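Student: I should like to work through this structure step by step. May we take the helices and strands in turn and reason about each?

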Amino acid sequence: MRNYLVFFIIITIFACKTPSGNAQYSNHLANESSPYLLQHANNPVDWHPWNKETLAKAKAENKLILVSVGYSACHWCHVMEHESFEDTAVARIMNEHFVNIKVDREERPDVDDVYMTACHLATGRNCGWPLNAFALPDGRPIWAGTYFPKKEWIGVLEYFIKTKEEEPVKLDEYATELLAGIQQNGRISFNGSDQVFTQDNLSNITANFLKNIDFKKGGRAGAPKFPMPNNYQFLLQQYYQNGDEKTLEAVTTTLDKMANGGIYDHLGGGFARYATDDKWKVPHFEKMLYDNSQLVSLYAQAYQVTKNPLYKTVVEETTDFIERELMDKNGSFYSSLDADSEGEEGKFYVWTEEELAAIFQDDNQLKIFSNYYEIYKKGNWEHTNILHRKKSAEEVAKISGITPTELETIIADAKVQLMAARDKRVRPGLDDKVLTSWNALMLKGYVDAYKAFGDAHYLETALNNANFLEKEMLQKDNRLNRNYKDGKSVINAFLDDYALLADAFIALYEVTFDEKWLYKAKDLVDYSIAHFFDEKSGMFNYTSDLDPPLIARKMETSDNVIPASNSVIAKDLYLLGLYFYNQDFMAKSKQMMHNMSSSIVDSDQPNFYSNWCSLYGMMVHPPYEVAIVGDNYATLKKEWQANYLPNAILLGGKNEGTLELLESKLQEGATMIYVCQNKVCKFPVEEVGEAIKMLD
Amino acid sequence: MLYEKSLKKLIKINIMAVKKAIGAKKISRGIKNSFEDIKSNLDISKLSLADKDELINELDKIEKLALKMKADLSS
């Protein structure tokens, strides 16, 4: 890859001047449904969507392909669009020499992954978005970069035009080298050694996890700080197993700091995607469904463990935000809100002291509010203020000479006034496409909120969403659609859609005992085995064998902010293996975990495999099978679920149903709780408290 | 009586579980033989709800076997 570093340096020093234009144009994105693609539909650049016609055009015209990838809420994607893609002179160069393809990474993570890997390999560093990749007419990438100011972008374009004309062989050599790297990247090999999952290894993993935690400020040490909910779900699971207070402290410090930081929307609820600083104070303001859904789960579970009322408030306010701003009346959830409004990042969310003074018209309220949310005349960020908290309510009440109850009333009243004022502002752009995988995460978030708080509204919202996904996204042959907008679904689902929806349906079964959801989860996993499974490695590909192949068939194995589709489906296989007593599912799950073990057990950074780590925990401490059977099952189920019990799967109903695990468990005139392991049960009891004591 | 009924039911459930596990996995001959001994000497339908001690004794045998089986599988 050394060639690429030299290459990268050469092209980034190119620069030239060009005039800009403002004419209105229409390109090949006009009929797309993705809001991100539609944002570019009137660029003078002749953008095409990613499809076989576009790829055929590049081959027919023997033109280089520019694959430009971004997403609706991406600030720098908007900047580059404004600077370069709306510029007629830039567009002229791009249109004359390239076939230009715009990709919404949220719709096509498979395409994004291939060219993002090319960027990592070509530049020798981590890349982000916008991602701009150059490829030969056959789609093989030759180089990729991220954001470029207009002058540099033109230099890059001209470099490739010149190189294609003068040294086409050189480009082919780059493509060959890069393709080999992409095809190898992320592939996991079958591990044929004996499978061993030990408590010692699990303890080491947890210890390495904790080494990376910032116990003062929460999260991982340094900046920027991303919420990474799955990391803390693993630590909660471990706290349950090991009872180590330091493990719990890693979770609670992080959750407290996030909830009090500027990353949290103190007026409207919900979290921004990440904080740019190490104190969670300055958010990158976009709000994503995938973060908020998983944070609802995490805060709900942390509430089960700690009973901290702050966590309950966060769940309530965040679900309010979701329902107010990201939920459609058909029960589906939209994808995200932009960071920008009126061309400025965060403008919708920040306040000057003058603005606050005009709204409150009460100096005392302003003073108390400013104390509470660290508001300053000169601003706490770029001459304006991000609401965040450093002082406790008790401290602020003391400073203000009022009681905590009076403070609570004043702040609540102030928040109502500010929300009313904020509602009059120009809103950030909404990406209203519906994605199966992200909806599945939110569906699970509502299930987890229902478990923790028992509020029927959470369950009703989860069921509405599940019914939408079943009706609109799931086909009769169990194939899934990935996207939906205005009644249209045009993209076949990827592994994350199948894995996360199966996971959500399993969770929905646990709170409803409606076997339909469990069977649907199994159907999705069966379909995934049929169309995504790689027999050679024992892992799953990200794309279906029914989809047109890309230049490389990739596997997703590292847990990022969204857990890897392979780790999620490995967990699905494990849980469904328990529910259905399916030895093949169990064996597949264990082999996948075994394949990944060496990467995780010896890693200094197991946080990149946090969902795998949770599965490892389940392999070391196999979950109990807990069956509640009898007329009074609903009451006992609800009581059981209010507790955080990660080492148990739950099943049951009024009758024995069709699951083998429920066979012979109905006793006339009684509702019994069976605690079983490997299907062998302990003496059944009638009280939830007694059953919980039977768990190790 | 609920307690005795539960005991009897549990013997049945746990025998089923062991039988299923033996059918599905590689279990040592010793455990298989123990299981056959228990099965051949036990007719669940004839177990009396009035004889609590016998019920507990039978259940205990199955639980011990299940524990051995678990150890056997994980070794």
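Tutor: Please bear in mind that this is a predicted model. We begin with helix H13 of chain A, residues 309-326.

Student: What span should the 18 residues of H13(A) have at 1.5 Å a residue, and how far apart are its end C-alpha atoms?

Tutor: At 1.5 Å a residue, the 18 residues of H13(A) should span 26 Å. This agrees with the separation of the end C-alpha atoms, which is 25 Å.

Student: Which residues of H13(A) are buried, and what arc do they cover around the axis?

Tutor: The buried residues are Tyr311(A), Val314(A), Val315(A), Thr318(A), Thr319(A), Phe321(A), Ile322(A), Glu325(A) and Leu326(A). An α-helix has 3.6 residues a turn, so residues three or four places apart point the same way. The buried residues therefore lie on the same side of H13(A), in an arc of only 155°.

Student: Which side chain reaches the backbone nitrogen of Leu310(A) at the start of H13(A)?

Tutor: The contact is made by a side-chain oxygen. It comes to within 2.9 Å of that nitrogen, and it belongs to Asn308(A).

Student: In what order do the 5 strands of the open sheet in chain A stand, and which of them are at the edges?

Tutor: The order is E1-E3-E2-E4-E5, with mixed pairing. Each edge strand has a single partner strand, so one side of it is left without a neighbour in the sheet. The edge strands are E1 (47-48) and E5 of chain A.

Student: Which helix packs on the sheet by touching E1, E2 and E3 of chain A?

Tutor: The direction of this helix makes about 105° with that of E3(A). The helix comprises residues 88-97 and is H5 of chain A.

Student: How many bridges join E2(A) to E3(A), and which residue of E3(A) is the bridge partner of Leu66(A)?

Tutor: E2(A) and strand E3, residues 98-104, run parallel and are joined by 7 bridges. Within E3(A), Leu66(A) has as its bridge partner Asn100(A).

Student: Is strand E4 of chain A enclosed or open to the outside, and how many of its residues are buried?

Tutor: Residues 131-135 make up this strand, and it is largely enclosed by the rest of the structure because its residues are buried. In a regular strand the side chains alternate between the two faces of the sheet. Here Leu131(A), Ala133(A) and Ala135(A) point one way, while Asn132(A) and Phe134(A) point the other way. The number buried is 5 of the 5.

Student: In what sense does E4(A) pair with E2(A) and with E5(A)?

Tutor: E2(A), residues 64-70, shares 5 bridges with E4(A) in the antiparallel sense, and Val69(A) stands opposite Leu131(A). With E5(A), residues 141-145, there are 4 bridges, and Ala133(A) is partnered by Ala144(A). The sense of the pairing with E2(A) is antiparallel, and that with E5(A) is likewise antiparallel.

Student: Which residue in the turn between E4(A) and E5(A) has a positive phi?

Tutor: The two strands form a hairpin with 5 residues between them. A phi of about 95° occurs in this turn, at Gly139(A).

Student: Where is Trp280(A), and is it buried or exposed?

Tutor: Trp280(A) is in the loop between strand E6 (274-275) and strand E7 (283-284) of chain A. Most residues other than glycine have a negative phi, and most peptide bonds are trans. Trp280(A), however, has a positive phi of about 65°. Its relative accessible area is 0%, under the 20% cut-off, and Trp280(A) is therefore buried.

Student: What is the omega of the peptide bond from Trp129(A) to Pro130(A), and of the bond that joins Ala223(A) and Pro224(A)?

Tutor: Pro130(A) lies in the loop between helix H6 (109-123) and E4 of chain A, and Pro224(A) lies in the loop between helix H9 (199-211) and helix H10 (229-242). The bond before Pro130(A) is cis, with omega near 10°. The bond before Pro224(A) is cis, with omega about -5°.

Student: Against which helices do the buried residues of H9(A) pack?

Tutor: The buried residues of H9(A) include Leu202(A), Ile205(A) and Phe209(A). They pack against H10, H11 (245-260), H23 (583-601) and H24 (610-620) of chain A.

Notes: Residues numbered from 1 in each chain as written. Chains lettered and ligands numbered in written order. Predicted model: local features only at pLDDT ≥ 70, side-chain atom pairs only at ≥ 80, totals over all residues. Heavy atoms only, no water. Buried < 20%, exposed > 50% of the residue type's maximum accessible area, 1.4 Å probe, protein only. Pairing = 2+ DSSP bridges. Expected span 1.5 Å × (residues − 1). Arc of directions from axis to C-beta. Polar contact = N/O pair within 3.5 Å; in protein donor to acceptor, adjacent residues only side chain to side chain. Contact = heavy atoms within 4.5 Å. Axes fitted to C-alpha atoms, helices over the stretch in contact; angles between N-to-C directions.
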